[in-house]
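Biologist: Could you walk me through one helix and the packing around it? I'd like a close look, with the cut-offs spelled out.

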Amino acid sequence: MKQNPTRYLPLVIIAIVAFILLSLHFGWLNMFFYGAELNPNVQGIDYFAVPKSFLNLLEGRSVFDSWGGAPYGPHSTWYLAHPAFSLFVASWFSFFSPWTSYWLFVLFSIAIMAYCGYLISKITDNIFKKYLSYFILLFAFPTFWMLFVGNMHAPLVLALTLILLSIYELTYSENEQDIKSANKKLLIGLLISFFSKPIVLLMLPLLLLTKETRKTTIKRLIIYFFVSLLFI
């Protein structure tokens, strides 16, 4: 009886994630990245300002004062996200030691990327394409580099996943329940982006001009305005 090799893909994906985690520790993949090969000390450089932003709040300083007060971690870039991300996400990781916090954030990011793969896989019944959704998101050089420097882009990948899936569903859905579900995805995706890094800003004119997305986009803008006002 001929076996379907597709059944082994979950094991391949798990092995890939394990390999990435080991590479982050032992540096096996550093040779493929210019910054990592020349200066391996850049690992986590984009991350340490994230939990420090919340510690700044507790000490009465601006979340953007990345180098003020007691240092957190060996190096850092400037915190450039919305203050809401500091309060609602960075706070979860701020009470651990810097490198423990970094590794927890790596696992958090991998979980988000896997969840994005799950959301994408739901739009097809083809089992190979379902597994491919996970494979492409997890086994990619941008994913490894995001984890290596500790960039906070995994939530942005989730935001874009939700937005693009919502547009897909609004295009092909006919019943009211599916349309409501699509608009909910759109709302959540927009909020995640705007309360972390607003990379979807250039999408707004199109979303406002399109009847199916206009109401949800306006609702998101109102929420964003009032929450941002509270943070100011």
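Modeller: Here is a look at helix α3, then the core and the rings. This is a predicted model, where local features need pLDDT of at least 70, side-chain atom pairs count only at pLDDT 80 or more, and totals for chains, interfaces and linings use all residues. Residues are numbered from 1 along each chain as its sequence is written, and side-chain values use heavy atoms, with hydrogens and water left out.

Helix α3 spans residues 49-58, and eight of its ten residues are buried, so the rest of the structure largely encloses it. (Buried is under 20% relative accessible area, exposed over 50%, partly exposed in between, with a 1.4 Å probe and protein chains only; helices are DSSP runs of H or I, at least four residues, numbered from the N terminus.) Among the buried ones are Val50, Pro51, Phe54 and Leu55. Their cover includes α4 (83-93) and α5 (98-121), where contact means heavy atoms within 4.5 Å. Just after α3, Gly60 takes a positive phi of about 80°.

Val50 also turns up in the largest nonpolar core, 41 residues in total, as one of those touching the most other members, along with Leu24, Tyr47 and Phe85, among others. (Such a core is a set of buried Ala, Val, Leu, Ile, Met, Phe, Trp, Tyr and Cys residues joined through side-chain atoms within 4.5 Å.) Helices α3, α4 and α5 are among the elements giving it two or more residues, and α5 supplies the largest share, eight residues.
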